[in-house]
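Trainee: I'd like to go through the labels on this one and hear what each of them rests on. Bring it up, please, and I'll start asking.

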Amino acid sequence: MKLRLGSLRQRLLACLLLVWALGAAAMAAYFQSHAVTPEEVLEDASLATQARILVGGLRFSPSGRFEALRMPARWRAVYAASEGGFYTLYDPAGRVAARSANLAAPLPLMTLPAGQSVSRLRLVGPDQELAVSSRAPHGFWLMVARSNPTLVDATPADELEGLTPGLIFAAAALLGLVVAWLVSKWSLRPLKLAATEARAIGPDSPLRLSAERLPAEVQGLAKAVNRALDRVTAAYANEKRFTAEAAHALRTPLTVLDLRLQRAEAEGQIDWTAVRADLAELTRLISGLLTLARADRSQAFRDSGEVNLTRLAREAAASIAPALDRAGRSIEFAGPDGLTVQGDRGELFELVVALLDNALAHGRGHIRVELARTDSKARLRVVDQGDGVPGEARERVFERFHTLDAAGRGAGLGLAIVRQTARAHGGEALFLDGAVVEVVLGA
């Protein structure tokens, strides 16, 4: 079974646990090498027993002055041999009162804390003899020692064994560093691959970062970057489409104006009425393109606030009132006075103007604006007395630069502006049966 640690935190934890285990193993080896061996336990018990027997053999005068040490006959040869046993007796003042004949120098004095009669086994003197200290009558101290067999029989192998704990610790530390380096390399490898993928992403590239193989803490960032790339790609595509559409839309009126000016130059007479009409058409086309470009903006760059849709619709109607009067047409409103939505006021104003302008240009008779709120949505309908749009063409009329009447007025941007703005505000625009255009906006 393959172990999969998808989180940087898990990988770091695994690394730390491994390093800790290696350190614990090194410490265990070290303490094991310094643990009390059975031989040392026996030496401790043996010297403590000897100390108690020798203390029992001490003889003092009634005034507490040391007089002699009587020991078992079998011990006399041991305490006389150069590699045997040793003792030193100290008086209460810390002066040497007696010592074994085989000692060139007295054993160092080791005092004991109150309540303790015999010390634990210790190493004393330049030759590191095994020694214990014992309390004696009248405030005397008896030091009993024997030669250390581990030093007497020491070999190069024994000396090397003393270095073993340090060697184990150094090896464990080195191994821990190597493991940490390998784990960090393993953990950062997906990020390196993601950087390689990112370098291959371009404006027209469909490639995205492979978030699934990244550590858990980085997957959210990779997915957010992919969504940002999708938005940038969509904006780039819109920009290319807008540029192509603008160039196509402007070519015809500019060509017509150029031909008109060439004819005027050849004939020596300018039809100013026609020139002004051409310029007005160009102005309306450029204005529509700019409005459409604003509707294509990302939500992050849109001014959003509470907008009174009823008041906005009346202001839009007032802006086209002169055109309504010239056409001999009228307009009325139906719906609540305080219908509000969240959105960009400027864009919503252009939406309503485009709806009314479409009804004025392609509809007939009286225009009715209906406002209502349904299911937390605001609904805006513009109804006129025209024939409406055939069912098979109801989607095409929302496309940019599409007109049902090639000879009619307009460049085919009005309804495209309406739908794009509605969608940018979380809604939709569509044609209903009859001459009815409905826009639904998020309230």
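Trainee: Why is helix α12 called largely enclosed by the rest of the structure?

Mentor: Because 8 of the 11 residues in helix α12, residues 414–424, are buried. Buried means under 20% relative accessible area, exposed means over 50%, and partly exposed is in between (1.4 Å probe, protein chains only). The buried ones are L415, A416, I417, V418, R419, T421, A422 and A424. Just keep in mind that this is a predicted model: local features need pLDDT of at least 70, side-chain atom pairs count only at pLDDT 80 or more, and totals for chains, interfaces and linings use all residues. Residues are numbered from 1 along each chain as its sequence is written, and side-chain values use heavy atoms, with hydrogens and water left out.

Trainee: What makes α12 a helix in the first place?

Mentor: Helices are DSSP runs of H or I with at least four residues, strands are runs of E with at least two, and both are numbered from the N terminus. After α12 comes G426, with a positive phi near 75 degrees.

Trainee: R419 is an arginine on that buried list. How do you know that R419 is buried?

Mentor: Its relative accessibility is 9%, and the cut-off is under 20%, so buried is the right word.

Trainee: What makes E395 and R419 a salt bridge?

Mentor: The term asks for a side-chain nitrogen of Lys or Arg within 4 Å of a carboxyl oxygen of Asp or Glu. For E395 and R419 the closest N and O atoms are 2.7 Å apart, so the pair passes. E395 sits in the loop between β12 and α12 and R419 in helix α12, so the bridge ties together parts 24 residues apart in sequence. E395 itself is partly exposed at 49%. The two also belong to a salt-bridge network with R423 and E428.

Trainee: How many salt bridges turn up in the whole structure?

Mentor: The search finds 12. Among them is R368 with E370, at 2.9 Å between the closest N and O atoms. R368 is partly exposed at 28%, and E370 is partly exposed too, at 26%. Another is D91 with R95, at 3.2 Å.

Trainee: Which labels do D91 and R95 get, buried or exposed?

Mentor: One of each. D91 has a relative accessible area of 12%, so it is buried, while R95 has 53%, so it is exposed.

Trainee: Why is D344 called buried?

Mentor: Its relative accessible area is 7%, and that falls under the cut-off, so buried it is. D344 is in the loop between β10 (340–343) and α11 (345–362).

Trainee: What makes the link from D344 to G346 a polar contact?

Mentor: A polar contact is a pair of N or O atoms within 3.5 Å; within protein, one must be able to donate a hydrogen and the other to accept it, and residues adjacent in sequence count only if both atoms are side-chain atoms. The D344 side chain reaches the backbone nitrogen of G346 at 3.0 Å, so it qualifies. The same side chain also reaches the backbone nitrogen of E347, at 3.1 Å.

Trainee: Over to helix α6, then. Which residues make the nonpolar surface patch of about 500 Å²?

Mentor: L174, L175, V178, W181 and L182. Patch residues need over 30% relative accessible area and no salt bridge; nonpolar side chains (Val, Leu, Ile, Met, Phe, Trp, Tyr) are joined within 5 Å, like charges within 9 Å. W181, in helix α6, has 52% relative accessibility, so it clears the patch cut-off and also counts as exposed. The areas come from the Shrake-Rupley method with a 1.4 Å probe, and for residues only the protein chains shown count as cover.

Trainee: What makes R189 exposed?

Mentor: Its 53% relative accessibility is over the 50% mark, so exposed is the label. R189 is in helix α6, residues 164–199, and gathers with K185, K192 and R199 in a surface patch of positive charge. Lys and Arg count as positive, Asp and Glu as negative, with His and the chain ends not counted; each charge is placed at NZ of Lys, CZ of Arg, CG of Asp or CD of Glu.
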